[in-house]
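Thanks for opening this one with me. Below are some notes to help you find your way around, written as numbered points to read beside the structure.

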Amino acid sequence: PAVAPHPRPDQRSRLAARVGRTGAAAPDVLGPFRSRVLGAIRTIPTDSIVVSHFLAINAIVGAATDDDRVLCFRPAHCSRTVVDVTDGQITLVDLPK
């Protein structure tokens with residue numbers, strides 16, 4: 001559950017309204033959400049499969065590519081995004097087409 005945190009119910013509508021924006025446009029909502037997602041992904045000690053919501057996947061891809069947009073890309077249903085985490089640094093390995 002901590003690896004793929006969903007937005008809290010009170011954050012869902014606020015996140016949905018900000019999909020076309022950047023994190024800087026809504027730090028009160030996106031900052032805590034991204035911190036939880038990135039903190040969780042950085043604590044996984046071994047190669048793992050994580051099933052998550054596209055907003056969490058976008059937060060991870062955004063951190064890897066230094067992209068502050070809420071929606072960096074639209075992953076297809078059941079697609080596979082591969083990242084590597086080394087010493088807390090997230091690197092994008094494979095992005096679904």
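**Notes for a first look**

1. A good place to begin is the largest nonpolar core, a set of 12 residues: Ala26, Leu30, Phe33, Val37, Leu38, Ile41, Leu55, Ala56, Ala59, Ile60, Val70 and Ile90. Helices α2 and α3 each supply at least two residues of this core, and α2 gives the most, with five residues. Please keep in mind that this is a predicted model.

2. Now step back to the whole chain. Its secondary structure comes to three helices and two strands, and reading along the sequence gives the order α-α-α-β-β. The protein chain has 97 residues, of which 31% count as buried. Among contacts with a separation of 6 or more, 46% are between residues 24 or more positions apart. The exposed area is about 6100 Å², with carbon and sulfur atoms supplying 55% of it.

3. Helix α3 is worth a slow look. Its 12 residues, 54-65, reach 16 Å from the first C-alpha to the last, close to the 16 Å expected at 1.5 Å a residue. Which residues of α3 are buried? They are Leu55, Ala56, Asn58, Ala59, Ile60, Val61 and Gly62. Just after the helix comes Asp66, with a positive phi near 55 degrees.

4. Stay with Ala59 for a moment, as it is one of the core residues. Setting aside neighbours within four places in sequence, Ala59 is in contact with Arg34, Val37 and Leu38. Of these partners, Val37 and Leu38 are also listed in the core.

5. Arg34 deserves a point of its own. This residue lies in helix α2, residues 27-42. Is Arg34 buried or exposed? Arg34 counts as buried because its relative accessibility is 16%, and the cut-off for buried is under 20%. The Arg34 side chain makes a polar contact of 2.6 Å with the side chain of Asp68. Leaving out residues up to four places away in sequence, Arg34 touches Gly23, Gly39, Ala59, Asp68, Arg69 and Val70.

6. Next, turn to strand β2, residues 89-94, where you will find Leu92. At 27% relative accessibility, Leu92 counts as partly exposed. Where does Leu92 sit relative to Val82? The two are 10 residues apart in sequence, and their C-alpha atoms are 6.4 Å apart in space. Beyond residues up to four places away in sequence, Leu92 touches Val61, Ala64, Thr65, Thr81, Val82 and Val83. Of these, Val61 is among the buried residues of α3.

7. The cysteines are easy to check. How many disulfides are there? The count comes to zero disulfides, taking a disulfide as a pair of cysteine sulfur atoms within 2.5 Å. Cys72 is buried, with a relative accessible area of 16%, whereas Cys78 is exposed at 70%.

8. Finally, two loop residues invite a look at their backbone. Cys78 is in the loop between α3 and β1 (82-86) and has a positive phi of about 65 degrees, although it is not a glycine. Asp87 is in the loop between β1 and β2. Its phi is also positive, about 55 degrees, and Asp87 is not a glycine either. With a relative accessibility of 82%, Asp87 counts as exposed.

Terms used
Residues are numbered from 1 along each chain as its sequence is written. This is a predicted model: local features need pLDDT of at least 70, side-chain atom pairs count only at pLDDT 80 or more; totals for chains, interfaces and linings use all residues. Side-chain values use heavy atoms; hydrogens and water are left out. Helices (H or I, at least four residues) and strands (E, at least two) are DSSP runs, numbered from the N terminus. Buried means under 20% relative accessible area, exposed over 50%, partly exposed in between (1.4 Å probe, protein chains only). Contact means heavy atoms within 4.5 Å. Accessible areas come from the Shrake-Rupley method with a 1.4 Å probe; for residues, only the protein chains shown count as cover. The expected span of a helix is 1.5 Å times one less than its number of residues. A polar contact is a pair of N or O atoms within 3.5 Å; within protein, one must be able to donate a hydrogen and the other to accept it, and residues adjacent in sequence count only if both atoms are side-chain atoms. A nonpolar core is a set of buried Ala, Val, Leu, Ile, Met, Phe, Trp, Tyr and Cys residues joined through side-chain atoms within 4.5 Å.
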